[in-house]
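User: I have a structure open on my screen and would like to understand the labels people attach to it. Could you walk me through them?

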Number of protein chains: 2
Amino acid sequence: MSILVVGSVAFDTIETPHGKRERCLGGAATHFALAASYFTPVRVIGVVGEDFTPEHEAILTRRGIDTRGIEHAKGQSFHWSGDYLNDLNSANTRATDLNVFATFEPKIPEAYRDSEYLFLANIDPVLQLRVRQQMPKVKMVCGDTMNYWIADHNENLRAVLKELDVLLINDGEAAMLSGIRNTVRAAAFIMQELGPKALVIKHGEYGATGFFSDRIFAGTKDVNPFRAPALPLAEVIDPTGAGDSFAGGFYGYIASQPVLTPAVFRTAMFYGGVMGSFAVERFGTERLQNVSQQEIDARFNLFREISHLA
Amino acid sequence: MSILVVGSVAFDTIETPHGKRERCLGGAATHFALAASYFTPVRVIGVVGEDFTPEHEAILTRRGIDTRGIEHAKGQSFHWSGDYLNDLNSANTRATDLNVFATFEPKIPEAYRDSEYLFLANIDPVLQLRVRQQMPKVKMVCGDTMNYWIADHNENLRAVLKELDVLLINDGEAAMLSGIRNTVRAAAFIMQELGPKALVIKHGEYGATGFFSDRIFAGTKDVNPFRAPALPLAEVIDPTGAGDSFAGGFYGYIASQPVLTPAVFRTAMFYGGVMGSFAVERFGTERLQNVSQQEIDARFNLFREISHLA
């Protein structure tokens, strides 16, 4: 079933110990959509400038992604520039030029109205909420956010959190959002007080933990946390978009299944790790543009093998 | 089959956010022996002072642990004092009084000579090596170390590493020992250049990763890394000895099995996590003194449940 994703479509200038790339196609919605496209139809809402050419659009449409909701505005696209020279686990932002994104006003094409899954990528919570309100009948809402919105737009963010079935964040964001350092208690607080029915807390190279409230699965009390591994990698070429790719694999798999069960959620966390592990193998979205079903299956089996007892 | 462990038997004065305990029985060999005792016979080599009473010894002997190798010397036992008030993941040492441990000279009782598994707990590598050399016929040698020995006694430590089948360390120690930040490459370097045939790198609350060289298992080329989870805990009462308890569960299980296969190694990593998760539930060794086989089985099943797809 279709996922509607709203988020940034951008150009990234990235430097890592493996080299530098100027203005490669990026943005949370882009990474998410490419990763999810291997599992289910994806529709994108975003805004780009005049520097976004038909060749860029083809990167998405070649993967069957519906780009009719990408608005073309006068000016330049959102541009992020940063490096991972000190630490591959955390980006050092050099410049953020919002450009056409500064006045982004999400509009939902008529053809997108029947989308059943909504993904609110990491953008201003005011925009996240606006999209959510225009899609009252979706079957499920999943969202991402970041430290900036938690710290400086907390009230707006809280209005979004109330609408979420699943929130995807990392360890630091979970601690910041809850004011609690212990992960288990932070997760309980977020689910009990802030809204999400489930939470995936990402631990970078250590994988991710899923936490479930008793509101998430119909007809089961199976609410133990779940730990999914990340692949131990000897080389990370470019970590940009790893989290969005995780989200794409995770949510793409969920949307491809008829009903959300504990087994589906857990398998989805493995597919999140799988797509994240592909994403970092090359710069930008290069790797995610061309993964074969066979490679995904083999990588999924590898994830299983490195984490499962016989 | 019997494990011979050499290491510290000590008293710990510990303060955590959950309270304070004065001079409770501790030490790497103590935690290790208690955890391993649920799987296999354990023999301890260490030294204690006059403050070590028959009641203290009974904590070990009640679990069937052979204490004939614990030497009773004049003076006070090794005493460590520290807290976890700032961060439950890292101890702040207030005082280390080596006392009788300062002149410890390990002697191996005749009755211990047929031990088949040797565990070199975290002590001076000179002593580790001396014990190892007195036990040339053991089936397997596993060892632990810490940042202090890596930094200031590197040459002595390297002589021990050459003798190890399995080295257990944490992320920081792996990086320090190899000079490499990437875990996979650090592990490869340690196994290829320093000696251990396998490596378990502990990630604290995120579990542990096992790495295998092709010298570790006879007759198999299955050398993929393996990730074992840790239990997400809402409350850690006292983290002291968690790593030694992990080692005890891990090595105790290995020693209880007829031959080291990939499946045995992986299951052992789960039992390591299981015993570590018990250890932190109470102060000192309190919890490890009384765990039932049923509780161990249930916890093992929980570890499996939170990490395995259906």
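Analyst: Gladly! Let us begin with a term: a salt bridge is a side-chain nitrogen of Lys or Arg within 4 Å of a carboxyl oxygen of Asp or Glu. This is a predicted model, where local features need pLDDT of at least 70, side-chain atom pairs count only at pLDDT 80 or more, and totals for chains, interfaces and linings use all residues. Residues are numbered from 1 along each chain as its sequence is written, chains are lettered from A and ligands numbered from 1 in the order in which they are written, and side-chain values use heavy atoms, with hydrogens and water left out.

User: What makes R94(A) and D83(A) a salt bridge?

Analyst: Their closest N and O atoms are 2.8 Å apart, and the limit is 4 Å, so the pair qualifies. R94(A) sits in strand β7 (residues 92-97) and D83(A) in strand β6 (residues 78-83) of chain A, so the bridge ties together parts that are eleven residues apart in sequence. Strands here are DSSP runs of E with at least two residues, helices are runs of H or I with at least four, and both are numbered from the N terminus. Over all chains, the rule gives 29 salt bridges.

User: Why is D83(A) called buried?

Analyst: Buried means under 20% relative accessible area, exposed means over 50%, and partly exposed is in between (1.4 Å probe, protein chains only). D83(A) has 7%, so the residue counts as buried. Its partner R94(A), at 41%, is partly exposed.

User: How do you know that E163(A) and R132(A) link distant parts of the chain?

Analyst: First, they do form a salt bridge, with the closest N and O atoms 2.7 Å apart. E163(A) is in the loop between α5 (154-161) and β10 (166-170), while R132(A) is in helix α3 (residues 125-134), and the two are 31 residues apart. R132(A) is buried at 14%, whereas E163(A) is partly exposed at 30%.

User: What other residues are linked in a network of salt bridges?

Analyst: E281(A), R287(A), E295(A) and R299(A) are. Within that group, R287(A) and E295(A) meet at 3.1 Å, N to O. R287(A) has a relative accessible area of 7% and is buried; E295(A), with 33%, is partly exposed.

User: Over to chain B. Why do the buried residues of α2(B) line one face of the helix?

Analyst: The buried residues are H56(B), E57(B), I59(B) and L60(B). Seen down the helix axis, they fall within an arc of 145°, so they line one face. That arc is taken from the directions from the helix axis to the C-beta atoms. Turned away from the buried side are the exposed residues P54(B) and E55(B). The cover over the buried residues includes β2 (10-16), β3 (19-26), α1 (28-36) and β5 (66-72) of chain B.

User: What does H56(B) touch?

Analyst: Leaving aside residues up to four places away in sequence, H56(B) touches F11(B), L25(B) and D51(B). Contact means heavy atoms within 4.5 Å. H56(B) has a relative accessible area of 18%, so this residue is buried.

User: How do you know that the two copies are related as by a two-fold rotation axis?

Analyst: A turn of 180° and a shift of 0.0 Å along the axis lay chain A on chain B with an RMSD of 0.0 Å. The two copies are therefore related as by a two-fold rotation axis. The superposition is by least squares on the C-alpha atoms of residues with pLDDT of at least 70 in both. Also, 100% of the interface residues of chain A are interface residues in chain B too, so the copies meet through the same surface.

User: Which residues lie nearest the centre of the largest cavity?

Analyst: Y206(A), P229(A), Y206(B), R227(B) and P229(B) do, among 18 lining residues. Y206(A) itself touches residues of both chains, including A228(A) and Y206(B).

User: What is unusual about phi in R23(A)?

Analyst: Most residues other than glycine have a negative phi. R23(A) is not glycine, yet its phi is positive, near 50°. R23(B) likewise has a positive phi of about 50°.

Conventions
On a 1 Å grid over the protein atoms alone, a cavity is a set of points where a 1.4 Å probe fits but cannot get out, and a pocket is an open set with protein on both sides within 12 Å along at least five of seven lines; lining residues have an atom within 4 Å of a point.
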